[in-house]
Amino acid sequence: MIAQPEASHFVNGAYLEDAEGPQIDVIYPADGRSVATLHGATPDVVERALRTAQAALPAWRAMTGTERGRILRRAADIIRDRNRALSELETLDTGKPLQETLVADAASGADALEYFGGLAGTLTGEHIPLGGDFAYTIREPLGVCVGIGAWNYPTQIACWKAAPALACGNVMIFKPSEQTPLGALKLAAILTEAGLPRGVFNVVQGRGDVGAALVTDPRVNKVSLTGSVPTGRKVYAAAAAGMKHVTMELGGKSPLIIFDDADLDDAVSAAINGNFYSSGQICSNGTRVFVHRAIKEAFLQRLADRVSNAVIGDPMDEATNFGPMVSEAQTAIVLGYIAKGQAEGARLVTGGTRLDRPGCFIAPTVFADVTDGMTIAREEIFGPVLSVLDFDDEADVIARANATDFGLAGAVFTRDLTRAHRVVAALEAGTCWINTYNLTPVEMPFGGVKASGVGRENAKAAVDHYTQLKTVYVGMGPVDAPF
Ligand code: NAD
């Protein structure tokens with residue numbers, strides 16, 4: 001299986017190569033083989049991308065929203081037509097099972113392009129009556145936007161950033177994660193095929209230094225990052241120096257609170273989805289599973305039974321529903337956390353080991369008797385490690401759920417309607433679920449509070465993060481002056 005793209009970058013409507021850039025090997029984590037070799041952007045490639053984006057901006061922003069939207073919706077149709085090929089590429093890029101990528105990656109990217117394609121023609125300012133005078137607002141694009149992606153959802157992240165940015169009349173330079181560089185190139189080619197003018201969406205590859213070069217360039221007006229909190233702090237600070245707009249989609253350590261009146265099977269399903277989908281490499285995962293003491297042992301029993309049914313293996317086999325970690329480096333990090341969990345006294349219920357097979361496979365792992373101070377309850381692991389913590393009291397569990405610097409997501413399982421709403425109202429989190437987990441349709445805003453981020457992606461809320469308002473006061477009468 002080889003997934004070599006035509007070239008490393010996509011700039012000014014075409015693939016672009018510069019072999020002077022540092023080599024990036026794309027490793028298929030299911031077996032450790034190299035499936036593509038690319039090059040990080042040289043300063044020349046970065047400069048070309050910036051120039052071409054800037055040059056493309058005036059004509060793109062001058063088009064009507066309906067015209068822009070039509071191109072995005074056409075791209076969504078092409079993506080859906082090619083979903084299988086794009087999903088296979090995503091699986092090679094990330095190692096995620098095809099069973100997942102067929103429904104969750106390119107498909108959700110197409111949803112974003114369709115949604116924001118439809119929204120593009122509806123974007124307007126506001127008329128503000130002021131007696132005889134009046135004011136109005138013009139909703140303007142921000143200009144040149146930079147998108148920087150993480151490796152867990154490479155195609156979805158590229159689309160979640162490109163779709164609203166382009167719909168609002170901005171141009172974009174997207175830098176994928178150096179670990180998963182392939183999907184964004186396909187997106188750029190498909191957008192071009194759909195009629196996107198040259199230079200409106202460009203892809204440059206590279207590591208953090210390429211991202212930093214883009215973020216600090218004075219021609220860039222906005223930066224949208226999906227990544228870890230430490231990277232977010234650096235990128236936010238660099239953007240602040242240039243007074244640039246930011247969207248920060250960062251890490252989490254989200255609580256999933258299960259009361260004793262919850263539907264136990266649904267709660268177990270949510271804990272599985274919120275910890276083991278994509279082998280746990282999801283920012284919004286509910287990795288701190290607070291279970292009411294009255295149902296704790298029953299919950300653990302059912303969870304262990306269900307986890308034993310995971311089909312672990314070749315991600316290209318559609319029967320497989322649990323794949324490898326994205327890389328050897330991430331595997332080592334996760335195994336390190338598992339060792340800490342055991343050393344600090346958590347009870348290993350299932351998993352806890354690397355699987356004896358080629359590739360970066362770690363067994364789905366469940367710890368019980370986890371306490372708030374343990375490392376596995378405090379730090380983002382970004383792997384298939386679920387921690388069960390006990391609780392007795394609603395007020396107490398809310399306080400403990402909030403006792404973290406993160407604030408990306410949270411959920412509650414209960415049949416008590418008023419308690420469900422009371423608990424989510426008290427959670428310090430940007431995205432909450434009641435009696436389900438990790439559903440993030442494009443129609444609803446997504447993002448974090450506290451260290452988990454700034455701004456929102458998706459829904460109409462994203463428009464506020466890719467536009468700015470110009471206010472115009474219109475005098476309709478004589479101008480009054482004191483002298
Ligand atoms: P990372 O922070 O290591 O890297 C993210 C991106 O930033 C990469 O493209 C990287 O090359 C780039 N980068 C690194 N240093 C940079 C710098 N100084 N300037 C500019 N760019 C720089 O994250 P990762 O390991 O790729 O992804 C995992 C993290 O992403 C987890 O913390 C996860 O929670 C988070 N994540 C968040 C969301 C969300 O929507 N909130 C979604 C997915 C992943």
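How many cavities of 30 Å³ or more does a search of the whole structure find? The search finds three. Please keep in mind as you read that this is a predicted model. Here are my notes on its empty spaces and its ligand, point by point.

1. **The largest cavity.** Let's begin with the enclosed spaces. The largest cavity holds about 70 Å³ of space. Fifteen residues would be a lot to look up at once, so try the ones nearest the centre of this cavity: Pro255, Phe406, Gly407, Ala409 and Glu428, which belong to a lining of 15 residues. Sorted by class, the lining of the largest cavity has seven nonpolar, four polar and four charged residues.

2. **The largest pocket.** Now turn to the open spaces. The largest pocket contains about 1200 Å³ of space. Its lining is made of 42 residues, and those closest to the centre are Gly227, Ser228, Val229, Pro230 and Thr231. By class, 18 residues of this lining are nonpolar, 14 are polar and ten are charged.

3. **What builds the largest pocket.** Helix H12 (328–343) is one of the elements that supply at least two residues each to the lining of the largest pocket, along with H8, E10 and H9. The largest share comes from H9, with seven residues.

4. **Where the ligand sits.** Which pocket holds the ligand? The ligand sits in the largest pocket. Three elements give two or more residues to the shell around the ligand: helix H8 (208–216), strand E10 (222–226) and helix H9 (229–241). H8 provides the largest share of that shell, three residues. Take a moment to compare this with the pocket lining, where the largest share comes from H9.

5. **The ligand's neighbours.** There are 27 residues around the ligand, and Gly149, Glu178, Ser228, Thr231 and Glu380 come nearest. The shell is a mixture of twelve nonpolar, ten polar and five charged residues. Ser228 and Thr231 are worth finding on screen, since both are also among the residues closest to the centre of the largest pocket.

6. **Polar contacts with the ligand.** Three pairs of atoms are good ones to look for. Glutamate 380 places a polar side-chain atom 2.5 Å from an oxygen atom of the ligand. In threonine 231, a side-chain N or O atom is 2.7 Å from a ligand oxygen atom. With glycine 149 the backbone takes part: one of its N or O atoms lies 2.7 Å from an oxygen atom of the ligand. As for cover, the ligand taken alone exposes 850 Å², and the protein buries 87% of that.

7. **The second largest pocket.** There is another pocket to visit, with a volume of about 590 Å³. It is lined by 26 residues, and Tyr153, Gln156, Ile282, Asn438 and Thr440 are the closest to its centre. Helix H4 (98–104), helix H5 (106–120), helix H6 (154–167) and helix H10 (264–276) each give at least two residues to this lining. H6 gives the most, three residues. The classes here are 14 nonpolar, nine polar and three charged.

Note on methods: Residues are numbered from 1 along each chain as its sequence is written. This is a predicted model: local features need pLDDT of at least 70, side-chain atom pairs count only at pLDDT 80 or more; totals for chains, interfaces and linings use all residues. Side-chain values use heavy atoms; hydrogens and water are left out. A residue is near a molecule or strand if one of its heavy atoms lies within 4 Å of it. A polar contact is a pair of N or O atoms within 3.5 Å; within protein, one must be able to donate a hydrogen and the other to accept it, and residues adjacent in sequence count only if both atoms are side-chain atoms. Accessible areas come from the Shrake-Rupley method with a 1.4 Å probe; for residues, only the protein chains shown count as cover. On a 1 Å grid over the protein atoms alone, a cavity is a set of points where a 1.4 Å probe fits but cannot get out, and a pocket is an open set with protein on both sides within 12 Å along at least five of seven lines; lining residues have an atom within 4 Å of a point. A molecule sits in a cavity or pocket if more than half of its atoms lie within 2 Å of its grid points. Helices (H or I, at least four residues) and strands (E, at least two) are DSSP runs, numbered from the N terminus. Ala, Val, Leu, Ile, Met, Phe, Trp, Tyr, Cys and Pro count as nonpolar, Asp, Glu, Lys and Arg as charged, and the others, Gly among them, as polar. Grid points are joined across faces, edges and corners, and a volume is the space filled by probe spheres set on the points.
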